[in-house]
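I opened this one to see how the chains are built and how they meet. Notes follow in the order I looked things up.

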Amino acid sequence: MKGEPIVILLVEDDEAHAEIVRRNFETFRLANRLIHVTDGQAALDYLYRRNGYADPDISPRPGIVLLDLRLPKVDGLEVLKIIKTDAQLSPIPVVILTTSKAEGDMVHAYGHHANSYLVKPVDFAHFTQLMETFGYYWLAWNQYPH
Amino acid sequence: MKPRTEDGRRSGWGFLLAFVVFAAGVIASGVLVYRNHERAYRAEVEHQLSAIADLKVRELARWRRERLGNGNIFFRNDAFSAVVRRCLEAPEDADARRELHSWVHGILQSGHYDHARLLDPQGATLFSIPPDLPPVSDAVSNRVSEVLNSDLVTLLDFYRDNQDQRPYLAVMVPVLDPRPGARPLGVLVLRVDPEKYLYPFIKRWPTPRLTAETLLVRKEGGDVVFLNELRFQTNTALRLRIPLDRPLLPAALAALGREGVIDGMDYRGVLVVAALRTVSDSPWSLVARIDATEVYAPLRARLWTTIVMVALLLFGTGAGTGLAWHRQRVRFYREQYELAEAFRASDLRYRRLFESAKDGILILDAETGAIMDVNPYLIELLGYSRETFLGKKVWELGFFKDIVANEEKFVELQSQEYVRYEDLPLETADGRRIDVEFVSNVYLVSRHKVIQCNIRDITDRVRAAAALKQSSQELQEKNVELERFLYTASHDLKSPVVTIRTFLDYLEQDIAAAQAGRIEKDMTFLRAAGDKMARLLDELLNLSRIGRIVSPPVRVPLRALVDEALAAAAGSIAARGVQTKVDDRDVTLQGDRLRLANIWQNLVENAVKFMGEQTSPCIEIGVEPRDAEMVFFVRDNGIGIDPRYHAKVFGLFEKLDPKAAGTGIGLAIVKRIVELYGGRIWLESEGVGKGTCFYFTLPKAIDNPKERERA
């Protein structure tokens with residue numbers, strides 16, 4: 001946990017859900033590391049530093065991507081596929097965070113090398129717990145190469 | 001059929017040959033039997049004639065001996081001589097005369113003699129019984145001295161008497177004086193009348209015969225002299241003379257000493273069968289003969305009988321053979337007829353099959369590829385005349401180019417024996433394209449190879465299969481869509497639930513912490529989630545109703561629908577200051593009015609919503625004919641859509657801009673309605689900021705006056 005803190009890229013079209021994630025991260029004092037985009041195209045633009053995301057200081061490379069599946073413009077699975085087939089981007093862990101429990105979605109996600117698949121819990125306590133666990137696991141325990 | 005004809009002809013000749021052989025056999029046996037019979041009969045006749053001739057000759061010889069024997073009674077009889085001498089010496093001696101009379105009288109009683117007389121050596125009659133006879137015949141008196149000199153009893157042969165001119169014979173006995181040196185006393189003459197015994201005897205025949213006759217003849221110089229009265233000619237005895245050299249005359253041959261049975265020609269010039277004999281110790285010859293006509297009469301009858309029988313037999317056999325042959329011919333022709341009839345019936349059956357088949361049939365000459373026959377169905381199917389086909393080579397028919405394009409292809413048919421093409425296109429005379437199944441078979445028809453091609457119109461089948469395929473594909477698409485719908489519905493409905501429950505807890509915490517700013521924010525999220533959920537449910541319901549609840553179709557002008565849509569969106573149009581242009585081209589649609597209006601309403605709302613920063617926003621609504629269909633369009637000069645997302649926009653709950661109002665269901669609804677009317681929807685946009693144009697077709701809603709009339 002030395003040097004730059006890990007930047008988290010949240011790709012989420014639902015404003016309310018993004019707010020939930022932000023509030024949880026605030027609780028764990030991680031909110032300053034959260035970057036939020038609302039569609040798949042914007043996520044890709046960010047990752048490839050295009051269209052206003054060119055400045056590495058303003059748009060640092062994320063250490064982890066929290067990706068919803070149903071997204072406007074470019075679908076979440078498509079974004080995942082692009083990240084995981086790009087040699088530069090593929091090391092970035094991609095954690096799917098979605099409302100879908102559909103088997104097909106999970107199969108597709110893991111098929112495209114998603115690093116984890118999380119289903120949004122429908123009640124507050126579980127959502128908070130999930131976010132807390134996520135924080136510990138991916139941001140505290142998980143080791144990343146430099 | 002050919003061998004049968006030969007059989008028939010051969011059996012005809014067979015019958016004729018059998019008949020000829022049989023007839024020859026019958027005639028030959030007839031001739032043989034007749035010849036045998038003739039020979040036997042001839043032998044019998046000869047035997048009979050010979051027997052009669054022998055009998056008569058023996059009797060005649062016996063008779064002559066008897067006569068000589070009669071004479072010998074008096075020859076060298078001293079007692080008789082003494083009596084004669086006494087009579088000569090004493091002519092008045094009555095005793096002597098009486099005694100002489102008694103001697104001679106006894107002989108005369110035998111019945112062969114008619115009188116007796118005693119002649120002196122000079123030939124004068126000395127004594128006679130009966131007395132007072134006319135002078136002795138010269139033939140007798142001339143022989144007296146000869147008889148006396150011979151000193152033998154002589155039988156004087158037939159001679160004619162001077163007095164009555166009748167034939168007689170005579171036994172002459174020299175009467176000598178026993179005393180030595182004495183002169184002969186005279187000659188005793190016993191005259192034989194042949195009428196008494198000899199002639200009747202000769203004439204007699206042991207069996208009743210019409211032409212049988214016995215002739216007694218003797219040779220006299222160069223002639224044959226007939227000695228008896230003949231059956232067919234009178235006054236012949238000693239009168240009829242015929243030269244000995246007359247050929248085949250049985251009497252002449254007999255007189256010349258010939259014996260046996262001969263065929264000859266008698267004194268009348270008639271053909272006879274004769275037995276010839278000579279009588280021993282005499283100048284006589286005997287002929288026993290019967291006319292050939294009488295001899296052969298029974299034979300001729302027999303011949304006729306045989307001929308008639310043979311003829312009858314031949315006729316019967318001929319008739320039988322003819323009848324058999326005729327029946328055989330009749331049977332043969334009946335069989336031929338039945339065969340031909342059966343063949344005709346079979347031919348007719350197959351012709352009917354050929355003509356009424358609901359498959360096209362083409363018969364090709366397998367060697368040349370020329371079309372020999374084509375059935376009416378194929379003519380009707382393709383619309384070309386019969387003449388178009390007949391005699392042509394199959395690859396010369398242009399419309400067969402996909403089946404038998406050239407001669408090489410034909411050779412392939414020829415060599416493969418069986419070819420089947422499942423689905424080939426054929427073009428008919430009127431330019432229609434039909435799909436056919438093609439099967440060709442090679443087989444032999446009376447040593448001639450033909451190819452039968454069956455061409456089955458499978459257009460309907462192919463169409464049905466295509467339709468089935470399409471509908472199954474559509475069904476599959478619908479299934480996928482339904483799955484997607486369920487998935488998106490559940491996902492998108494879940495999102496506000498997550499929001500509501502989480503923010504309710506936040507709200508609770510924030511109320512407890514009395515953080516007024518946070519409470520306000522929580523409430524906003526909660527309200528938005530609630531609204532979103534209500535809208536989602538509304539529109540889902542709306543979507544599910546499309547095609548399920550249908551109002552009765554009505555005719556409605558496009559203009560009215562567009563006006564309704566513009567009126568519904570009038571608020572936002574006015575707020576954004578959008579200009580609208582409508583060109584309806586007087587098109588009238590037919591269908592569910594509310595649903596149809598929904599299309600334009602959604603598209604107009606969509607256009608207004610994504611006008612972006614456009615300073616002179618404008619929406620064009622219209623319709624234009626394109627490739628024989630009416631294409632409707634709604635064009636704006638708004639933000640446009642990146643070509644990458646053109647397909648995605650019609651998906652359920654798809655939103656390109658997460659911040660935009662709405663649920664992302666509008667275009668999905670439009671697509672649903674368009675598809676309901678058999679149409680399709682697409683959009684053209686050169687990209688962001690270049691405006692968007694939605695195009696769609698509604699084939700089933702087009703109010704076609706012609707269609708209506710037909711219905």
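**Chain A, overall**

I started with the fold and counted five helices and five strands in chain A. This is a predicted model, so I read everything below as computed from it. Walking along the sequence, I got the pattern β-α-β-α-β-α-β-α-β-α for chain A.

Next I looked up burial: 53% of the 146 residues in chain A are buried. I then checked contacts in chain A between residues at least 6 apart in sequence, and 63% of them join residues at least 24 apart. The accessible surface of chain A came out at about 6900 Å². Carbon and sulfur atoms hold 54% of that surface.

**Thr85(A)**

I picked out Thr85(A), which sits in helix 3 (residues 76-85) of chain A. Is Thr85(A) buried or exposed? Its relative accessibility is 64%, and the cut-off for exposed is over 50%, so Thr85(A) counts as exposed.

I then looked at what its side chain reaches. A polar atom of the Thr85(A) side chain lies 2.7 Å from the backbone oxygen of Lys81(A). For the backbone oxygen of Ile82(A), I noted 3.2 Å to a polar atom of the Thr85(A) side chain. I also paired Thr85(A) with His112(A): they are 27 residues apart in sequence, with 8.6 Å from C-alpha to C-alpha.

**Where chain B meets chain A**

How much area is buried between chain B and chain A? I got about 2700 Å², with 55% of it from carbon and sulfur atoms. Chain B brings 33 residues to the contact, and chain A brings 33 residues. I looked for the top contributors on the chain B side: Tyr487(B), His491(B) and Lys494(B) supply 20% of the area that chain B buries against chain A, more than any other three residues.

For charged pairs, I found three salt bridges across the interface. One of them joins the side chains of Asp510(B) and Arg23(A), at 3.6 Å from N to O. I also found five residue pairs in polar contact across the interface, both residues at pLDDT 80 or more. Which helix of chain B gives the most to the side that touches chain A? Helix 12 does, with 17 residues. Helix 12 (459-513) and helix 13 (516-545) each supply at least two residues of that side.

**Helix 14 of chain B**

Last, I checked helix 14 (residues 558-568) of chain B and found Leu558(B), Leu561(B), Val562(B), Ala565(B) and Leu566(B) buried. Viewed down the helix axis, the buried residues fall within an arc of 135 degrees, so they line one face of helix 14. I jotted down the background too: an α-helix has 3.6 residues a turn, so residues three or four places apart point the same way.

Technical notes: Residues numbered from 1 in each chain as written. Chains lettered and ligands numbered in written order. Predicted model: local features only at pLDDT ≥ 70, side-chain atom pairs only at ≥ 80, totals over all residues. Heavy atoms only, no water. Helix = DSSP H or I, 4+ residues; strand = E, 2+ residues; numbered from the N terminus. Buried < 20%, exposed > 50% of the residue type's maximum accessible area, 1.4 Å probe, protein only. Contact = heavy atoms within 4.5 Å. Areas by Shrake-Rupley, 256 points an atom, 1.4 Å probe, with all protein chains shown as cover. Arc of directions from axis to C-beta. Polar contact = N/O pair within 3.5 Å; in protein donor to acceptor, adjacent residues only side chain to side chain. Buried area = accessible area lost by both parts, 1.4 Å probe. Salt bridge = Lys/Arg side-chain N within 4 Å of Asp/Glu carboxyl O.
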